[in-house]
Amino acid sequence: MYVGCDNTNAESRAETVHTIMSTTEGEDPIDSLLNQAAAHALKNRYDETFTNFIYNFPNDKLTSCNEVLNDKHNLIHVSSTGDDDSSVQRGMYAKCEIEAGTMLVTSRPIVVHWDAEDQDDDEDDEDDEVGSEEEESDGAESTDQKKADATVAKWSKGKSKQKASIEMAALLKRNKKDYEDLPEGFNLYNDDDNSTDGKLKADDSADSDDSADSDDDDSSSNSIQGATGSTRNGILVLRTIEKIKQDKSLWTNTLSKLYPRSIDSALNLPSWFCSDVTIGMEIEQQFKSLSEVFKDKVCNEISTRLPLIIRYNVLSIETCSELFVYPDVSNGGMANLAGTGLYGPEISYFNHSCTPNISRYCIGDVMFFVTNRDVKKGDELCFSYIEHEFLGESADKRTALLDMDFELKDDDNGDDEEGERPSKKQKKEDDDNVEEEEYYPRIDSEMQSEFMATPPNQRLEHINELLSEKVDPLQEFKSDRYQLHILKAITLEQLGRSNKNRGDKKLGLENALEEWVKAIGFATKTFPPLDETTISLHVQAALCASVNSHGDWQKLAMKTKGLRVGDFARARHHANKAIEMHDALFGGGTYRFKKRYLEDLFNSPKVRSQQSEAQMLFTLRDIFGITDDMWEEE
């Protein structure tokens, strides 16, 4: 989701919010995490070199790996299917009936890589690109224009790869290429040319029937074309090796339990090697150094399995990503706290389903798994590996978005009530003689950014054209219309700000509200019963309906041509739904809701641009129930 906010008084607002959200002694650990995240986001915002995101959370509140593996958890247990190690699949099941909103697992990563750690490298790359542009130019254009052109060129290059905007895109969206560009005799992990124990060689890969799938997209000058491992995952491999050397039991008791769980199963998967040559060489040396800790057989197993363990088990880490302000770091969004982490079996044993009964969310590096609907005893507990907005698509489209080594199968449009539970070892069979074209959503995050950079009137015209356009069913994504309704709502709110539209009944907040309602309708039908994005949509609908909803302001608005009149009853209805769902999913009542949604409530364009400070406080108090005492330190 995207929202455009102005930067007026952004710095002072951030400082105020930081003060409001300061950590207090004896505070609930989850509320304390939110405080710490807000502080880290604020510090990184003004000092991008700060990436030391350390979060304090009580160990006794965490779910241990042994607790799950040794069947000591009160609510869930691990069960396995399959006859041998190569076909066995593990999953989490309910020991008893579990109510919606029940916290099942709380975990911290074994290793983590923060996106902010890449900022310096990205800035260097941009400087290099701009510098090369300047050398080739005749000096007629300004430096700012050259930088803009270089940025656009870089954006266009990335956009052409048609990446899908899905939750695990950083991990799972992979380019399919051959290994033909590798140097002859290339062997990443072993100097012995006769070794075939899962080691990648140029002659082996060239004859392979399977195409190479990269777990991320690296385009640095130091990268290898066709590599299957991203730089990010390469760094995670190095950090994991270092931890294994410090504590042998980490491999024996935890990492070895993760998929792929044997060398044989690892060899059935696409081979892995890092796209960054320097990191790849360092990984090779670190694997060799494991001989100081383990016997050769174990070292070989680790070097074969560990990169694939990271590839298939890492998860994205995002704090409050459902907020509309999330990507707008300058106005309090926490996109600068995003990262990737490797978690243990207590999390990795949860399988995928397109009708998930659990959801995951993060605050800092702490990940929580909570039921999003009532669960019966014996039911498997699954979450969705793809964004919930894609759960209503056909099986073929969801398989393409998932982009892993198994295939989803169900009824025509994915309406099976039981959902599917694909095996992680069920490899997709490709017919070499038939090339099936894969389609991806058009309204992805890049397209949304492009829309928001367009003037509102022009943007609205384009959105209406797309909404009325007939699309080939094979290419159509239901989620595209959902995203267009959101973009239209934001655009209508912007166009309803001034008296310029006083004679146009198609613009303004009352029409924007209907677009929010359509988006909520899609979410209610497609998403799980308890979903953080649905909560966020209700918040936006409440804010939209709250403008000029107070009796006195209604009278004033009606006398002033062009000002829109809100609807207090509808605003309160959506606010109640948001707070009710939030409490069921995240707990903490209205107080925690205030902590999570404060930035959206303060920085929303419909609030900041159309309401006075008094009206904003009215909205918070009478519509969202955020009372004066909630602003005081507890």
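## Exercises on sheets, helix packing and model confidence

Valine 111 stands opposite leucine 342 in β8, and this pair, taken from a predicted model, is the starting point of the first exercise.

**Exercise 1. Determine which strands make up the sheet that contains β8, in what order they stand, and which helices pack on that sheet.**

Solution. Begin with the pairing around valine 111: β4 is joined to β8 (residues 339-342) by four bridges, and the two strands run antiparallel. Extending from this pair gives an open sheet of three strands in the order β4-β8-β7, again with antiparallel pairing. The edges are therefore held by β4 (111-114) and β7 (314-317), each of which pairs on one side only. Averaged over the sheet, and with direction ignored, neighbouring strands are turned by 20 degrees against each other.

Next come the helices. Helix α8 packs on this sheet, where it touches β4, β7 and β8, and its direction makes about 145 degrees with that of β4. Helix α12 packs on the sheet as well, touching β7 and β8, with a direction that makes about 45 degrees with that of β7.

**Exercise 2. Describe how α8 is placed against α12 and against α11, giving the angle, the handedness and the residues in contact for each pair.**

Solution. Take α12 as the first partner. The axes of α8 (residues 231-246) and α12 (residues 296-313) come within 10 Å and cross at roughly 120 degrees. The two helices are therefore oblique to each other, since an angle would have to lie between 65 and 115 degrees to count as roughly perpendicular. The crossing of α8 past α12 is right-handed. On the α8 side the contact involves Asn233, Leu236, Val237, Thr240, Ile241 and Ile244, which meet Leu306, Pro307, Ile310 and Arg311 of α12. Sorted by class, the residues of this contact are seven nonpolar, two polar and one charged.

Turn now to α11 (residues 277-289), whose axis comes within 10 Å of that of α8 and crosses the α8 axis at roughly 20 degrees. This angle makes α8 roughly parallel to α11, and α8 passes α11 in a left-handed crossing. The residues of α8 in this contact are Thr231, Gly234, Ile235, Val237, Leu238, Ile241, Glu242 and Lys245, while α11 contributes Ile279, Glu282, Ile283, Gln286, Phe287 and Ser289. The classes here are seven nonpolar, four polar and three charged residues.

Reading the two lists together, Val237 and Ile241 of α8 appear both in the contact with α12 and in the contact with α11.

**Exercise 3. Work out the arrangement of the sheet that contains β3, and find the helix that lies across it.**

Solution. Start from a single pair: valine 105 has phenylalanine 369 in β11 as its bridge partner. Four bridges join β3 to β11 (residues 366-371), and these strands run antiparallel. The open sheet has three strands in the order β3-β11-β10, with antiparallel pairing. Because β3 (103-107) and β10 (358-363) stand at the edges with a single partner strand each, one side of each is left without a neighbour in the sheet. From one strand to the next the twist averages 20 degrees. Helix α2 (residues 29-46) lies across β3, β10 and β11, and runs at about 50 degrees to β10.

**Exercise 4. Locate the cis peptide bond and the residue with a positive phi that is not a glycine.**

Solution. The cis bond leads from tyrosine 259 to proline 260, with omega near -5 degrees, and proline 260 is found in the loop between α9 (249-254) and α10 (263-267). The positive phi, of about 60 degrees, belongs to aspartate 71, which lies in the loop between α3 (65-69) and β1 (76-81).

**Exercise 5. Decide which stretches of the model call for caution.**

Solution. The chain as a whole averages a pLDDT of 76, and 65% of the residues score at least 70. Over residues 1-23 the pLDDT stays under 50, although the model has 58 contacts beyond four places in sequence for them. Residues 129-214 also have a pLDDT below 50, and this stretch has 157 contacts in the model beyond near neighbours in sequence. Where pLDDT is low, the predicted coordinates should not be read in detail.

Conventions
Residues numbered from 1 in each chain as written. Predicted model: local features only at pLDDT ≥ 70, side-chain atom pairs only at ≥ 80, totals over all residues. Heavy atoms only, no water. Axes fitted to C-alpha atoms, helices over the stretch in contact; angles between N-to-C directions. Parallel < 35°, antiparallel > 145°, perpendicular 65-115°, else oblique. Left-handed = near helix turned anticlockwise from the far one by under 90°. Contact = heavy atoms within 4.5 Å. Nonpolar A, V, L, I, M, F, W, Y, C, P; charged D, E, K, R; others polar. Pairing = 2+ DSSP bridges. pLDDT = per-residue confidence, 0-100.
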